[in-house]
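Colleague: I am new to this structure and would like to look closely at a single part of it, with its surroundings. Please start with whatever I need to know in order to follow the reasoning, and then take me through that part step by step.

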Amino acid sequence: MTVVWAVANQKGGVGKTTSTVSLGGLLAARGHETLLVDLDPHGSLTAYFGGDPEGATGGVYSLFHQAAEGRPIQAAGAVRATRFDHLYILPASTAQATLDRQLGTREGMGLVIKRAIQGLQGRFEYVLLDCPPMLGVLMVNALAACSKLLIPVQTEYLAIRGLDRMLQTLKMIQRSRKDSLEYVVVPTLFDRRTRASTQALWELRDNYSDCLWQGVITVDTKFREAAIAGMPLPIMAPDARGTEAYARLLASLLGQDDFRQRAAS
């Protein structure tokens with residue numbers, strides 16, 4: 001069964017795309033067939049791997065129009081291989097910014113991505129959804145499709161205030177799902193040299209301990225170097241601090257999944 005994780009926060013600049021690329025790179029490097037889905041009209045994930053969101057056709061945007069026209073959702077033809085083994089992308093188009101206005105009120109538009117992933121069953125072991133920083137049909141699709149939600153939160157005062165907004169959105173989505181959605185708050189961009197970052201981490205641990213990953217993703221300039229090179233950091237620099245941090249996060253996520261499977265058996 002395909003494991004689907006959404007990476008979302010209703011605030012930009014907190015490390016959503018970096019988290020998607022890094023976790024995806026780790027999974028692919030371990031031989032897992034992994035699909036990254038760019039749901040953000042800004043297309044940062046698409047651009048990371050050399051795509052052009054301004055001119056992209058046949059990606060996420062096309063899936064919604066297939067659904068709106070009553071056609072079967074054919075995601076396989078929209079998937080693109082990256083230059084890295086086992087790592088694929090479903091690219092974004094800037095036209096996705098018009099979906100709420102065009103199709104947002106149509107029945108069934110909240111399940112397009114879930115249906116698309118179901119059509120890819122057997123091809124991918126993991127699917128990671130990189131979400132836009134605003135509530136709309138694309139984020140609703142991600143939260144309906146995923147089995148786990150990762151919420152990157154920059155260890156900074158204003159970012160923590162934005163976390164409350166994301167959790168309110170999650171409560172709203174939970175009411176429409178038939179099952180509960182597990183979520184994990186991931187502290188990012190942590191700089192132990194600054195008092196503000198340390199205080200923000202303390203606040204996260206004091207107020208969100210029940211859903212907080214106990215590690216941190218530290219500031220690492222190699223993330224920027226990896227983005228310039230268009231490579232996931234775990235593939236470019238396996239021994240980098242950032243790689244090691246995401247490897248610990250991945251181990252935690254997989255350990256939780258293993259625990260649930262054992263408990264259910």
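Modeller: A disulfide, as the word is used here, is a pair of cysteine sulfur atoms within 2.5 Å. With that cut-off in hand, and keeping in mind that this is a predicted model, we can begin with the cysteines before turning to the pocket that I would like you to look at closely. The sulfur of Cys 211 has its closest cysteine sulfur in Cys 146, at a distance of 14 Å, and because this is too far for a bond, the two do not form a disulfide. Cys 131 also has Cys 146 as the residue with its closest cysteine sulfur, and here the 7.6 Å between the sulfurs is again too far for a bond. The structure as a whole holds zero disulfides. Cys 211 is nevertheless buried, because its relative accessible area is 8%, and Cys 131, at 0% relative accessibility, counts as buried too.

The part for the close look is the second largest pocket, which holds about 590 Å³ of space. Of the 30 residues that line this pocket, Gly 15, Thr 17, Thr 18, Leu 189 and Phe 223 are the closest to its centre. Helices α1 (16-29), α2 (44-48) and α9 each supply at least two residues of the lining, and the largest share, six residues, comes from α1. By character, the lining divides into 14 nonpolar, eleven polar and five charged residues.

Leu 189, one of the residues closest to the centre of the pocket, deserves a longer look, since its backbone has a positive phi of about 55° although the residue is not a glycine. Most residues other than glycine have a negative phi. Leu 189 is found in the loop between β7 (182-188) and α8, and because its relative accessibility is 37%, it counts as partly exposed. Another residue with a positive phi is His 86, where the angle is about 70° although this residue, too, is not a glycine; His 86 has its place in the loop between β3 (80-81) and β4 (87-90).

Phe 223, also among the residues closest to the pocket centre, leads us to Thr 218, because Thr 218 touches Phe 190, Arg 192, Phe 223 and Arg 241 once residues up to four places away in sequence are not counted. Thr 218 sits in the loop between α8 (195-207) and α9 (222-229), and with a relative accessible area of 15% Thr 218 is buried, because buried means under 20%.

For the wider setting, it helps to know where the nonpolar side chains gather. In soluble globular proteins, nonpolar side chains tend to be buried together. The largest nonpolar core here has 52 residues, and Leu 39, Phe 64, Ile 113, Leu 129 and Leu 149 are those with the most contacts inside it. Helix α7 (residues 157-176) gives this core its largest share, seven residues. A second, separate core has 34 residues, including Leu 27, Phe 49, Leu 150 and Ile 217. Returning to the largest core, if neighbours within four places in sequence are left aside, Ile 113 is in contact with Leu 39, Val 60, Leu 63, Phe 64, Leu 129, Asn 141 and Ala 145.

Methods: Residues are numbered from 1 along each chain as its sequence is written. This is a predicted model: local features need pLDDT of at least 70, side-chain atom pairs count only at pLDDT 80 or more; totals for chains, interfaces and linings use all residues. Side-chain values use heavy atoms; hydrogens and water are left out. Helices (H or I, at least four residues) and strands (E, at least two) are DSSP runs, numbered from the N terminus. Buried means under 20% relative accessible area, exposed over 50%, partly exposed in between (1.4 Å probe, protein chains only). Contact means heavy atoms within 4.5 Å. A nonpolar core is a set of buried Ala, Val, Leu, Ile, Met, Phe, Trp, Tyr and Cys residues joined through side-chain atoms within 4.5 Å. On a 1 Å grid over the protein atoms alone, a cavity is a set of points where a 1.4 Å probe fits but cannot get out, and a pocket is an open set with protein on both sides within 12 Å along at least five of seven lines; lining residues have an atom within 4 Å of a point. Grid points are joined across faces, edges and corners, and a volume is the space filled by probe spheres set on the points. Ala, Val, Leu, Ile, Met, Phe, Trp, Tyr, Cys and Pro count as nonpolar, Asp, Glu, Lys and Arg as charged, and the others, Gly among them, as polar.
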